[in-house]
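Student: I have a structure to study. Can we work through it by question and answer?

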Amino acid sequence: MSVLIVYYSRRGQNYCNGAIKNLVKGNTELAAQFIWQAVGGTLAEVKTVKEYPADYYACIDEAKAELRDKARPALKDMPENLDGYDTVFVGYPNWWGTMPMAMFTFLEGYNWQGKKIISFCTNEGSGMGSSERDIAAICRGATLLRGLSIHGAETARLKDKIMRWAKDSVK
């Protein structure tokens with residue numbers, strides 16, 4: 001079994017338990033690292049060519065506009081194909097009820113036929129939103145396994161739970 005853990009995460013200003021906090025490492029990145037520790041594989045961060053604003057409120061305004069416009073932000077440093085992987089963990093924060101539009105760009109760029117996709121989503125109470133339905137619509141031919149909703153502010157404390165879920169997901 002060959003595993004890819006691909007994620008989009010936001011460092012810097014983030015909304016955590018009702019306040020804006022400055023995170024050295026984004027919650028989704030931290031969760032992705034826990035998954036990698038649990039199951040191994042390749043860790044890959046989705047990065048946009050144009051960076052989002054450092055200010056949290058400016059960032060969420062831009063994210064809302066991208067969702068409204070169905071934007072597909074350009075990405076950098078992405079694999080040419082996913083041929084070497086049969087299981088792909090897909091991680092992201094919940095932005096406006098689904099994945100950041102950069103994740104749509106990523107998912108639409110590959111052939112998912114015969115792959116297993118396991119999603120994980122950090123959020124402050126909004127759960128997975130419509131992200132799992134969105135992934136299913138994009139990734140035709142893939143098998144989608146049960147995703148994990150992670151309360152972002154508690155990501156570090158949930159390390160054991162995340163690692164156990166990841167191990168169970170690849171059995």
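Tutor: The questions below go from cysteines to salt bridges to a surface patch.

Tutor: One point before we start: this is a predicted model.

Student: How many disulfides does the structure hold?

Tutor: A disulfide is a covalent bond between the sulfur atoms of two cysteines. To count here, two cysteine sulfur atoms must lie within 2.5 Å. The number of disulfides in the structure is zero.

Student: Which cysteine sulfur is closest to the sulfur of Cys-121, and why is there no bond?

Tutor: Cys-121 is buried, at 0% relative accessibility. A disulfide needs sulfur atoms within 2.5 Å. The closest cysteine sulfur is 14 Å away, so it is too far for a bond; it belongs to Cys-16.

Student: How far is the sulfur of Cys-139 from the closest cysteine sulfur?

Tutor: Cys-139 is also buried, with a relative accessible area of 1%. Its closest cysteine sulfur is in Cys-121. That is too far for a bond, the distance being 15 Å.

Student: Is Asn-14 buried or exposed?

Tutor: Asn-14 sits in strand 2, residues 12-16. Its relative accessibility is 12%. Buried means under 20%, so Asn-14 is buried.

Student: Which backbone oxygens does the side chain of Asn-14 reach?

Tutor: One lies 2.9 Å from a polar atom of the Asn-14 side chain, and it belongs to Arg-10. The other is reached at 3.1 Å. That second oxygen is in Gly-12. The two residues are Arg-10 and Gly-12.

Student: Which residues does Asn-14 touch, not counting those up to four places away in sequence?

Tutor: Contact means heavy atoms within 4.5 Å. One of the residues touched is Ile-20, whose place is in strand 3, residues 19-23. The full list is Ala-19, Ile-20, Lys-21, Leu-23 and Tyr-56.

Student: How many salt bridges does the structure hold?

Tutor: One of them joins the side chains of Arg-68 and Asp-69, at 3.3 Å from N to O. Both Arg-68 and Asp-69 are exposed. The total number of salt bridges is seven.

Student: How many residues apart in sequence are the parts that Arg-72 and Glu-108 tie together?

Tutor: These two form a salt bridge, with the closest N and O atoms 2.8 Å apart. Arg-72 lies in the loop between helix 2 (56-69) and strand 6 (75-76), while Glu-108 lies in helix 3 (residues 101-108). The parts that this pair ties together are 36 residues apart.

Student: Are Arg-72 and Glu-108 exposed or partly exposed?

Tutor: Arg-72 has a relative accessible area of 35%. For Glu-108 the value is 42%. Exposed would need over 50%, and buried would need under 20%. Arg-72 is therefore partly exposed, and Glu-108 is likewise partly exposed.

Student: What is the relative accessible area of Lys-171?

Tutor: Lys-171 and Asp-168 meet in a salt bridge, at 3.2 Å from N to O. Asp-168 is partly exposed, at 43%. Lys-171 is exposed, with a relative accessible area of 78%.

Student: Which residues are joined into one network by salt bridges?

Tutor: The link comes from salt bridges that share partners. The residues in this network are Arg-11, Glu-29 and Glu-45.

Student: What accessible area do Tyr-15, Ile-20 and Tyr-57 have together?

Tutor: These three form a nonpolar patch on the surface. Ile-20 is partly exposed, at 33% relative accessible area. Together the three residues have about 280 Å².

Methods: Residues numbered from 1 in each chain as written. Predicted model: local features only at pLDDT ≥ 70, side-chain atom pairs only at ≥ 80, totals over all residues. Heavy atoms only, no water. Patch = residues over 30% accessible without salt bridge, like charges linked within 9 Å, V, L, I, M, F, W, Y side chains within 5 Å. Areas by Shrake-Rupley, 256 points an atom, 1.4 Å probe, with all protein chains shown as cover. Salt bridge = Lys/Arg side-chain N within 4 Å of Asp/Glu carboxyl O. Helix = DSSP H or I, 4+ residues; strand = E, 2+ residues; numbered from the N terminus. Buried < 20%, exposed > 50% of the residue type's maximum accessible area, 1.4 Å probe, protein only. Polar contact = N/O pair within 3.5 Å; in protein donor to acceptor, adjacent residues only side chain to side chain.
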